[in-house]
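Biologist: Could you walk me through one part of this model in close detail? I'd love to hear how a single strand sits among its neighbours.

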Amino acid sequence: MTKKQQVGREPLERAMRLRSMLWDGTPEEREAVLRLCQEDPVAFFEAAVWTKRVKVVDEQGRERPAKYPATPMIPWPRQADAIHSIVNSVENGQDVLFVKSREMGASWITLGLSVWGWLFKSWSSLLCSRTETLVDRSGDEDALFQRIDFIISHLPQKWLPANREDFLAGGSRRRHMIVEHPDGHSIAGQATTQHIGRGGRRTMVVFDEAAAQDRLESAWRSSADTTSCRIAVSTHLSGSYFTRKLVPDSEHNDTTVVKLTYADHPRKGANAEERIDEDGLVTGDVGRPFIWTPWLEDQLKRRDLIDVRENVLALPTTSASAFFPISGIVRQRSRQSPPRRCEVIRGELVDQPSGRWRIFNEPTDESILVAGVDPSYGTGAANGVAVIMDTSNATVTALYVDPHTAPYDMARELVQSARTWAKGAADMFIAFEVNGPGASLVHDFERLNYKSLYRQQTLNTTNEKRSKRVGWLSTRQSKRILFGDLARALHDDVIDIQCAETITEIEDTVIYSDGGIGPARLEIDETSSAREAHGDRVVAVALALLAMNNAPRQGRPEEEGLPDWSVGTLIGIPEDLR
C-alpha cells in the first residue's frame, strides 16, 4: 500500500473505531465519543451522520448505481477541511460561499452542521431553497428537512434532548419546516424570498443550490439583518447572482470561500494528472490547466462543455471571451504568495491582520518606484486600489485596497508613502484614472505639493506627445490600449504579479458582446458605460505598467513653467531623436 493510499484510509479507520465505540463500546467509551463529537464537528460526521447516495464511483473511475443508498457519511480530507472552515466562519461571523462540483456532499455537510450546532452549540439555523416543496415535502428525499429527519433518525437516543419521535415528521417538536429544541433554538426552513428571516435572529442562514434561486440577490441582502453568517452552497450557473456577483466580489467582503471539486474526491480524483487544455475543448479556455482523471475522461463523453465547466470543474461560464492570455495568467499563478498586511503609521509599515496595504516586496532606498491608482468614491460600493511597482523588474511591490478610502485620502496615503517607506531613489511617478472619483485627485495632489504625475497622451498618432492634462482618461479606446499593453506584458512574461486576487480579476476580464472590456460579473446586468469604468485591481496594475513605461528617465517630475520654445519642440521632432 502506497503512502497516498494509507493517508486516504485514515478517516475510514478512525470512523470505524468511533462507530464501534459508540454502538458497541462500554459506557465510558460512548461518553468519550460524545465529548469528542461535541467539540469536533468532523468527529460528529465520522461517528454518527448517515447520508443517501444514488451513485458510487468504482476503482476504475466509472459511476455505478449504489447498491446500498443509505451509508455512513465519512468525510474525506477536503470535506473535513470544508467542515472546519464553515464552523470557524459561523463562530467568527463571516459569510461563506461554498463552490462545488456536482455530488460532492456539500448540502449534506451544511445540513449535518445545522444538526450538530442545534444539538451541541445552541445554534438556530435557517435553511432556504428555491421553493417550499424543496425545503420540506413528505416523501421527497431531496427536500432539505427530509434529510434533516434522516440524520436525526440515526443519532443515538441519548444524544437527543427528548424522545426521538418528537423530532421526526409528525412529532410534537417537528412541524412543517421546523425542528424545535426544548431549550428554544431551532432549525427552520423557508422558501427564498426578498424578506428572508425578517424579524428573527439566526446563527446562520443557508441558501442551498443558491445559483438556481431567482430571488437570491434580494434574499442575500435582506438576510444580513438576520444573521452574521450567510452560507451560499452551489455549483455555478451562467447569469446567476451567485456566479456573476457573489463569488467575484467575495474578497471584498471578508468572505470565506470553500471549494470542493471532483479532484478532491478519493475516487473521482484518483490517478490524477496535471494537463494543459491546449485547444480549449475541455475547460473552454485555451491554455488553461486542469486535473485529468479517468473519471473526468468518462464524464467528457457524456457532458457538453458548459456542463463540464460549471458542474464538474466548478468554473463560471460566460458567453464573452477572455481578454488576457491564459498562459500568462498560469505563469503568474505559479508565483503568487501571501502578502504582509500593514497600515502606515507615522511613515512606517506596521503589521496589522486586516491592514489595507498588502506588501509583497518592501522597497529599498535604491528602488525606482511607480504607482497606478484606480480610485473609488469611498462609499463601500467598489474598491479604491493603488499598485506600486518596482521599475527595475516590473514587480508589483505593494497594493493598497480599500472600498472606504475617498480620493483625497487616497492621495494623502500615496504621497505619505512616497515620502517615507516607499521613498526609493527618486520621486514615485503616479498614474491615476481621472474618470468619476478620480476627477478631483489632481487637486488633491496639488494641495500636497506632489508633481510627479502622469500626463495624458494623444493616441494613435506617430508622435503620442504628452499634454498638460494630468491623469489617465478612461475611454473605450484608451482602455483597450491600456489593457492591450498589460496583455502583452503577461504574454511576454515581463511583469511579476504575486497577488492572488489581482490574478483572479485579470483572469475574469472578458470582451463583451458589444466590444467593451471588463469583469465577467458585469456582463449581464450593467450598461456598457458602467462596465467601462470597472476594473479595480486590473486597472490599477495596468496604470502602474503605464507609469513605468512613461516615467521620466531620472524618476523626477517634469519642470512646470514656461513653454518649451526649443527648435526640436517647434518643428515636432520626437523627444527620442533630440
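Modeller: Happy to; here is a look at one strand, followed by a short stop at a pair of helices. Do keep in mind that this is a predicted model.

Let's start with strand S6, which covers residues 125–129. Of its 5 residues, 5 are buried, so S6 is largely enclosed by the rest of the structure. In general, side chains in a regular strand alternate between the two faces of the sheet. In S6, Ser125, Leu127 and Ser129 point one way, while Leu126 and Cys128 point the other way. Both sets are buried, with under 20% relative accessible area for each residue.

Now for the strands that S6 pairs with. One partner is strand S9 (residues 186–191), joined to S6 in the parallel sense over 5 bridges. Here Ser125 stands opposite Ile187 of S9. Another partner is strand S10 (residues 204–208), also parallel to S6, with 4 bridges between them. In that pairing, Cys128 has Phe207 of S10 as its bridge partner.

The helices are worth a stop too. Helix H15 (residues 476–492) packs with helix H18 (residues 537–550) at an angle of about 80°, and their axes are 9 Å apart. Angles of 65 to 115 degrees count as roughly perpendicular, so that is how H15 and H18 lie to each other. From H15, the contact uses Leu482, Phe483, Asp485, Leu486 and Ala489. From H18, the residues they meet include Val538, Val541, Leu545 and Leu546. Sorted by type, the contact has 11 nonpolar residues, no polar ones and 1 charged.

Conventions
Residues numbered from 1 in each chain as written. Predicted model: local features only at pLDDT ≥ 70, side-chain atom pairs only at ≥ 80, totals over all residues. Heavy atoms only, no water. Axes fitted to C-alpha atoms, helices over the stretch in contact; angles between N-to-C directions. Helix = DSSP H or I, 4+ residues; strand = E, 2+ residues; numbered from the N terminus. Parallel < 35°, antiparallel > 145°, perpendicular 65-115°, else oblique. Contact = heavy atoms within 4.5 Å. Nonpolar A, V, L, I, M, F, W, Y, C, P; charged D, E, K, R; others polar. Buried < 20%, exposed > 50% of the residue type's maximum accessible area, 1.4 Å probe, protein only. Pairing = 2+ DSSP bridges.
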